[in-house]
Amino acid sequence: MILERRNTIEKKRIIIFLTLIVAGFLLIPLFERGYILRFLTFMFTSAIISQGLNIIGGYSGYIPFGHMGFFGAGAYIVAMSMVNHVSFPIALLFNIVITIIIALIFGYPLLRLRGAYFAMGTIAFNGILKEVTVNFTKWTGGGYGISLPQIPWNIESVNTFFYYIMLGWLAVCTIVVYLLAKNPVGYALRAIKDDENAAATSGINTSKYKMIAWITSAVFISVSVGIYAYWMTFIDTSIYDITPLIKSWVMLLVGGAGTVMGPLLGAFLIESLSELLWGNIIIFHNGFLGIIIIITILFLPGGIIDLFKKQFKWSLIREEIRKNKI
Amino acid sequence: MKNVILEGKNVSKFFGSLKALQHVDFQISQGEILGLIGPNGAGKTTFVNVITNVYHLEGDGWIKFKNITINSLPPFKTARLGIARTYQVIKPFLNMTVGENIAIGAIFGREGTIRSMYDVEKEVERQINFLNLGVTKDTPVESLNIVSRKKMDLAKALAAHPDLLIIDEVMAGLNTKEIDQMMEIILKINALGISILCIEHVMKAIMNISHRIMVFQNGEKIAEGNPTEIVNDKNVITAYLGSKYRSKERKHESQG
């Protein structure tokens, strides 16, 4: 009874805290519409990608290393539609539909693989999409890339526009993950992560839930990269590069995989840190970032979110460290 | 003769040249406790995996559950028809709490589709009380000892409301007192009308709770009958029990 009451008080606190943060982010463009806004928009993009990886990698334990394929799909579908005078919202709608189709086609064989083989398989999937993009020069521009139409507004309005869109999509993604985690889908995915055979004999249709996770993560990512493409107004095949994906993985692990807020926390910390370090210590900034990441993973294997779960109590953290024999 | 709930004919499973199960015929009636014993490597766990369709059958064998042929179904559909199982090496979902583990059974097992999350929580509480788990639903699984883990595994299976429960060596690693407790629990589950297939090495337990016993050796069924028949069966004595067990039983009888 007391515990329940404490839980509801805690819930209220969390809700108030989150509302304040969201309100803060909503109000920022009133004061600042330049560098910080662009930085935050970029941070939101990373957070969405991280959230996309979270639903499949964090919850179901399937590690996709080829999700750059969906970066490319998202960016190129939006770019090709908009070059052909389709409006932006319709282009995003196309993006969602085609991404789901691509995810279904590739997901069916890929999700039969497990562990490292699945990771390798998704890299092959990325390779296929990249080859298709490079060789269908007529539509994709091949190595020249595609220039998207620009919005004929001043730079500050453009910044604000993309800031709100990206923030909105991030909110949608996070709410979707929150709802999935609370419902049977979340239970099924976590069971699959622990033991897929035991999950199946408990009555979980593993193929179905893995497909749900795969498609959800694909749509999160491809829409965010689609918005990103319109923001940047130019894309080429370098969008299939693995580096941004690895960065989002790091954010997920540092923030806390398999939690709703972990990826957001990770994205915020890593992006701010790398921006600060890059601005101040240009020579060794990646090295410092690496050190910080290693320290986090050594002392907080569950991610930064563990600090909040343990309410910053040193005794609890020490216990966790001892358990991991560091 | 009671209703037959699970029936199999010519059940075989080969791994390459190894014949794990050969031409086994079996029946389990409604409300019955069927014991399954045999030496290590006799094919007992393979038998369970075949029933739950983790492995699929060879040749023209078939298994029917409530008159539905189940041997070509995927594992999750078999579970939803009303077959629940526990594992020899228990496989709790370690990153979940006790309540969440049991909820998996309630959400995805039989009748799972018609339950709301509210009903699921009710069901979890009910199972925790029914099995006297002695912990709250928010306890992390990691902190449970082996008995509680085994009970939790049973609770998860029961939360699905199965018609047939398959228990794979639930007594292994328990002390005498805990074995007595577990026997009580199994009888309590059976009293709900649930048929039970019980694999066990602990003779005291299996002889006391089973209505009927099957004995496997090298993938073949070498004997079947009620406990007293099994104890006196020549094949079983040479293959599994050993003459010592028989004389011990006799002594016991003459004393009693």
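Modeller: Let's start with chain B: its mean pLDDT, the predictor's confidence in each residue from 0 to 100, is 84, and 92% of its residues reach 70 or more. This is a predicted model, in which local features need pLDDT of at least 70 and side-chain atom pairs count only at 80 or more, while totals for chains, interfaces and linings use all residues. Residues are numbered from 1 along each chain as its sequence is written, with chains lettered from A and ligands numbered from 1 in the order in which they are written.

Colleague: And what is the mean pLDDT of chain A?

Modeller: For chain A the mean is 87, with 95% of residues reaching 70 or more. Within chain A, helix α4 (residues 88-110) has the highest confidence, at 94, and helix α15 (residues 314-323) the lowest, at a mean of 71. Helices here are DSSP runs of H or I with at least four residues, and strands are E runs of at least two, numbered from the N terminus. For the complex, the predictor gives an ipTM of 0.82 and a pTM of 0.86.

Colleague: What makes α2(A) roughly parallel to α7(A)?

Modeller: Helix α2 (residues 35-59) and helix α7 (residues 155-182) of chain A pack at about 25°, their axes 9 Å apart. Axes are lines fitted to C-alpha atoms, for helices over the stretch in contact, and angles run from 0 to 180 degrees between N-to-C directions. Angles under 35 degrees count as roughly parallel, over 145 as roughly antiparallel, 65 to 115 as roughly perpendicular and the rest as oblique. With about 25°, α2(A) is therefore roughly parallel to α7(A).

Colleague: Which hand does the crossing of α2(A) and α7(A) have?

Modeller: Left-handed, meaning the near helix is turned anticlockwise from the far one by less than a right angle, whereas clockwise would be right-handed. The contact residues include A:Phe44 and A:Ile48 of α2(A), and A:Phe162 and A:Trp169 of α7(A). Contact requires C-beta atoms, placed from the backbone, within 7 Å.

Colleague: So why is α3(A) called oblique to α4(A)?

Modeller: Helix α3 (residues 68-83) of chain A and α4(A) have axes that come within 9 Å and cross at roughly 140°. That falls in none of the named ranges, so α3(A) is oblique to α4(A). The crossing is right-handed. Among the residues that meet are A:Ile77 in α3(A) and A:Ile98 in α4(A).

Colleague: How many charged residues does the contact of α3(A) with α4(A) have?

Modeller: None: the contact has eleven nonpolar and four polar residues. Ala, Val, Leu, Ile, Met, Phe, Trp, Tyr, Cys and Pro count as nonpolar, Asp, Glu, Lys and Arg as charged, and the others, Gly among them, as polar.

Colleague: How many residues of domain 2 of chain A are in contact with domain 3 of chain A?

Modeller: 15 residues of domain 2 are in contact with eleven of domain 3 in chain A. The largest share of the domain 2 side, eleven residues, comes from α2(A). By class, that side has eight nonpolar, seven polar and no charged residues.

Colleague: And what about the side of chain B that touches chain A?

Modeller: 24 residues of chain B are in contact with 17 residues of chain A. The largest share of the chain B side, six residues, comes from α3(B). Its residues divide into 14 nonpolar, five polar and five charged.

Methods. Contact = placed C-beta atoms within 7 Å.
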